[in-house]
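Subject: Structure handover: cavities, pockets and ring contacts

Hello,

Here is the structure we talked about. My notes on what turned up follow below.

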Amino acid sequence: MPDILPIAAADGHRFEAALYRAASKHAPLLIFFPALGTPHHVYRHIAAALTRLGIHVAVPDWRGIGSSSIRAARRSDFGYRDMVEIDAPAAIAALQAHLPEAALWVGGHSMGGQLCGLIATQTPATQGMLLISSGSVLARGYSPPIRYGIYAVRAVAWLSAPWLGYFPGSRVGFGGREANGVMRDWLHVARTGDYRPRGSNIDYEKLLPRLHFPVLALNFAADRWAPHAAAQNLLAKFSNCRREHWLWQATDCNGLDFDHFTWTKQPDIVAPRVAQWLLSHCAA
């Protein structure tokens, strides 16, 4: 079972991170950020498997999701800036205090993979990055069915903002109950491909190419929400990193066609190769 760590952000937001400890205190620490609308417990199987293979894994909840003290509402709006510049530093500081001797890695699934790149620009201790089932949501990086789905998300977000004061993701089958600000930032990336969180004074598009560490992106051929082109668009942001991209077919997954979430339930397939890659780069 993980340790559940309470975290308090600078603006009073409270949330939790699940910390799965490896046997050695010197093992690397991977802070893995979830997908849009996804609570930390969804990653319990893959996190536990990586821990058994010698990697500390921590999964914090996003603002507005799971253990978060905040829920998106008309009078409770927030966006990427709050998540990246307020919540992530609080989580990282708390986790490093628990594991001060562990080398720090960041990673994430889907939106978590996108935002961990922004987080890394503000976290000099970052040693590397792991992206699973992630990619830029730039609309032109998708085939027409998903591209039209992105347009539908935009329409729902546009209609729900004045009526509800939040995005009803759990009702429409996309994300969870999301803040209007989160969806504005998500849709800005879908339209332009650029990460420019509203209200932020940080030029992430200038900083992302300055990152310089190993990056592994693992994608699955059957995953329509993180296809090869979307992953390549995201990896292009890290132009000075030592990038490696794996695109697994069913033959790489014991005959299974992993989609955007099923890989989280198959830790014995995903964890060994990911752990081997990460540990080999820690040794290097």
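Over which ring does the charged end of Arg 273 sit? The ring is that of Trp 246, and the charged end of Arg 273 is 5.3 Å from its centre. Please keep in mind that this is a predicted model.

Aromatic contacts

Trp 246 also belongs to a cluster that ring pairs hold together, with Phe 32, Tyr 43, Phe 220, Trp 248, Phe 258 and Trp 263 as the other members. A second charge-over-ring contact involves Arg 177, which lies over the face of Tyr 166 at 3.8 Å from the ring centre.

The search of the whole structure gives 14 aromatic pairs. One of them is Phe 167 with Phe 174, an edge-to-face pair with 6.4 Å between the centres and 90 degrees between the planes. Phe 167 has a relative accessible area of 0% and is buried. Phe 174 has 14% relative accessibility, so it counts as buried, the cut-off being under 20%.

Phe 220 and Phe 258 form another edge-to-face pair, at 5.3 Å centre to centre and 75 degrees between the planes. This pair links distant parts of the chain, 38 residues apart: Phe 220 is in strand 9 (residues 214-220), while Phe 258 is in the loop between strand 10 (242-248) and helix 9 (267-283). Both of these Phe residues are buried.

Cavities

There are 2 cavities of 30 Å³ or more in the whole structure. The largest has a volume of about 50 Å³. Its lining consists of Leu 30, Phe 32, Tyr 43, Ile 46, Ala 47, Leu 50, Val 57, Val 59, Leu 130, Ile 132 and Trp 263. Strand 3 (29-33), helix 1 (44-52), strand 4 (56-60) and strand 6 (126-132) are the elements that give two or more residues to this lining, and helix 1 gives the most, with 3 residues. By class, the lining of the largest cavity has 11 nonpolar residues, no polar and no charged ones. Phe 32, Tyr 43 and Trp 263 appear both in this lining and in the ring cluster.

The second largest cavity holds about 40 Å³ of space. Around it are Phe 15, Phe 33, Pro 60, Asp 61, Trp 62, Arg 63, Met 83, Asp 87, Ala 88 and Ala 91. Helix 2 (residues 80-98) supplies the largest share of that lining, 4 residues. The lining of the second largest cavity divides into 7 nonpolar, no polar and 3 charged residues.

Pockets

The largest pocket has a volume of about 370 Å³. Its lining has 23 residues, and those nearest its centre are Phe 174, Gly 175, Trp 225, His 260 and Phe 261. Helix 3 (111-121) and helix 4 (144-164) each supply at least two of the lining residues. The lining of the largest pocket has 12 nonpolar, 11 polar and no charged residues.

The second largest pocket has about 230 Å³ of space. Of its 13 lining residues, Asn 180, Met 183, Arg 184, Leu 187 and Arg 198 are the closest to its centre. The elements giving two or more residues here are helix 4 and helix 6 (180-192), with helix 6 contributing the largest share, 7 residues. The lining of the second largest pocket is made up of 5 nonpolar, 2 polar and 6 charged residues.

Regards

Definitions and conventions. Residues numbered from 1 in each chain as written. Predicted model: local features only at pLDDT ≥ 70, side-chain atom pairs only at ≥ 80, totals over all residues. Heavy atoms only, no water. 1 Å grid on protein atoms, 1.4 Å probe; cavity = no way out; pocket = protein on both sides within 12 Å on 5 of 7 lines; lining within 4 Å. Points joined across faces, edges and corners; volume = space filled by probe spheres on them. Nonpolar A, V, L, I, M, F, W, Y, C, P; charged D, E, K, R; others polar. Phe/Tyr/Trp six-rings, centres within 6.5 Å; stacked < 30°, edge-to-face > 60°. Buried < 20%, exposed > 50% of the residue type's maximum accessible area, 1.4 Å probe, protein only. Lys NZ or Arg CZ within 6 Å of the ring centre and 35° of its normal.
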